[in-house]
Amino acid sequence: METAAIAVIILGILSGFTDGVGVLPDLLNAAVGGTVSFTTTLSPTEKPFSSVAWWFGDRGITSNNVTEPEYEDRITYFPSTGSLELRSLAIRDSGEYRVTIIPYGETVKYGSTRLQVYEPVSNIMVTNTGTDLLESSAVHLSCYSSGSSPLFFRWWNDTSEVKTSDRVQLTNGGSTLIITRLTRYDQGPYSCLVGNPVSNGSSDLTDLSISFGPESISLKLSPSQQYFAEGSDIIMSCSADSRPAALVYWSLDGHRLSDTGPELTLMNIHVNQSGNYSCQAFNSKTLREQTSQSSVVSVLERISGAFVTSSTDLMIEGNDANLTCDAAGSVFTRKWIKDGSNMTLADNIKFYDGNKVLSFQPLTKNDSGEYSCRVSNPVSNEEAKYITVVNYGPENVQIKGPSEISLDQDFTLTCSAESTPFASYSWILNGSEIYNLAVYIKNNTEPSDSGNYTCQARNRITGRTSYAVHGLTVNAHGGLSAGAIAGIIIACLVVAFCFAAGGYFIYKKK
């Protein structure tokens, strides 16, 4: 083997190796345990090569189909191109490989290349400097791996490659990632990609636990309202941006309650649970606390048993009187309605005590009617009614009937008056009471029936009395009354005048 190799070298020297440039690539990389092919650039020829010899450094590998013992079972020689395959690589196989080829009838071809055998990348691991990280603090992530140098490092945050910035640094050849001011969005997951010329691999995903908050705290009520009927159910929800999740405490009017957690449920609430509710969120890592805006909860008793009472049993025109409206429960408003329409104020009507009292100062007959008082609060309402009757009169007493009548004729006098309740009537003739009903009827008049008839109207409730007087004349002689006679005389005079005027007209014409 050595004699043949020396002969080939001598021939190469004599030819100057000028035809061997580019027979092999300059550099080959391969992994430990792998295979490498030393492939020449020569093409197969019709006749086999006269001589082919391979060396590793100054040691031979194979020459003219003779292989050194240490390379048996590790190489495959390809005689058509002079190429060589080397298997089961180890680090010690790194170095310079040379080949000398003498094609039939041609000059010597010479080639050399360098093989670099690398340990593949493995056991990639990431460590960080802190487990309880706070927003705005710093963290160092370090990447370690087995494998031959040179190693390159790439960092990934989820699916995006980490780039340097004013707060992100890569040191130690990229194996260390430093984030100087953490934000909540830096939580990851992070992975480290490590590679060398023959292999690469990634670490397991690493998450950063970055604590922040609480902030943006919010308190919500369900149902969303301020007023609640007694016996209702309320759910309050408190939320805040925080990592880890904040501990939530509840307060009523500034006093902390025993309840904790993001929800506060009030079942079958009572009036004494009214007040200003707030929640406080506390982060056990950042040691920060934030308090929400207060939410007002007003628990009201439902309106019930509405009623209207009067200050007097008898309402009399000219007197003062009050109607009072009240009810059980949380009364917010009282509204008065008369005969189905909203009340309009008048000179004699006033409201007191938040519309609780409707006062008549004084009463008039127009104040009679049906009064309704509507009592309400934001969660309920009820209405009570009261009918008022204002007693008044009598007033505007009138007598209807004849003023003259003939002897032995009949006449009727009717007396009326405005009054509540109805008035009682009595008739007085010439100072003597003659009758006690509103209608006085006299048959077969006599001369003594002449005179002034007085109608006396009396209201038993108001205690008031009013009068009207009517004069009546009874003609003692039969026939026409004085008025009828006067009418006849006037008619006769008119006829006589007409005849006289006609005669004068005829005379003048002649």
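**View 1. Strands β12 and β16 pair in this predicted model.** β12 covers residues 139-146. β16 covers residues 176-179. The two strands run antiparallel and are joined by 4 bridges. One residue pair to pick out is Leu141 with Leu177: Leu177 in β16 is the bridge partner of Leu141.

**View 2. β12 also pairs with β10.** Here 5 bridges join the strands, again with antiparallel direction. β10 spans 122-128. Val126 has its bridge partner in β12, namely Cys143.

**View 3. Thr131 sits in the loop that follows β10.** The loop leads from β10 to β11, which spans 133-134. Thr131 has a relative accessible area of 65%. The cut-off for exposed is over 50%, so Thr131 counts as exposed. Asp207 lies 76 residues away from Thr131 in sequence. In space, the C-alpha atoms of Thr131 and Asp207 are 9.9 Å apart.

**View 4. Four strands make an open antiparallel sheet.** The strand order is β28-β30-β34-β33. β28 (304-310) and β33 (349-352) are the edge strands, and each pairs on one side only. Neighbouring strands are turned against each other by 15 degrees on average, direction ignored. In a regular strand, side chains alternate between the two faces of the sheet.

**View 5. Edge strand β28 meets β30.** β30 holds residues 321-328. The pair is antiparallel and extends over 5 bridges. Ser304 stands opposite Ala328 of β30.

Conventions: Residues numbered from 1 in each chain as written. Predicted model: local features only at pLDDT ≥ 70, side-chain atom pairs only at ≥ 80, totals over all residues. Heavy atoms only, no water. Pairing = 2+ DSSP bridges. Axes fitted to C-alpha atoms, helices over the stretch in contact; angles between N-to-C directions. Buried < 20%, exposed > 50% of the residue type's maximum accessible area, 1.4 Å probe, protein only.
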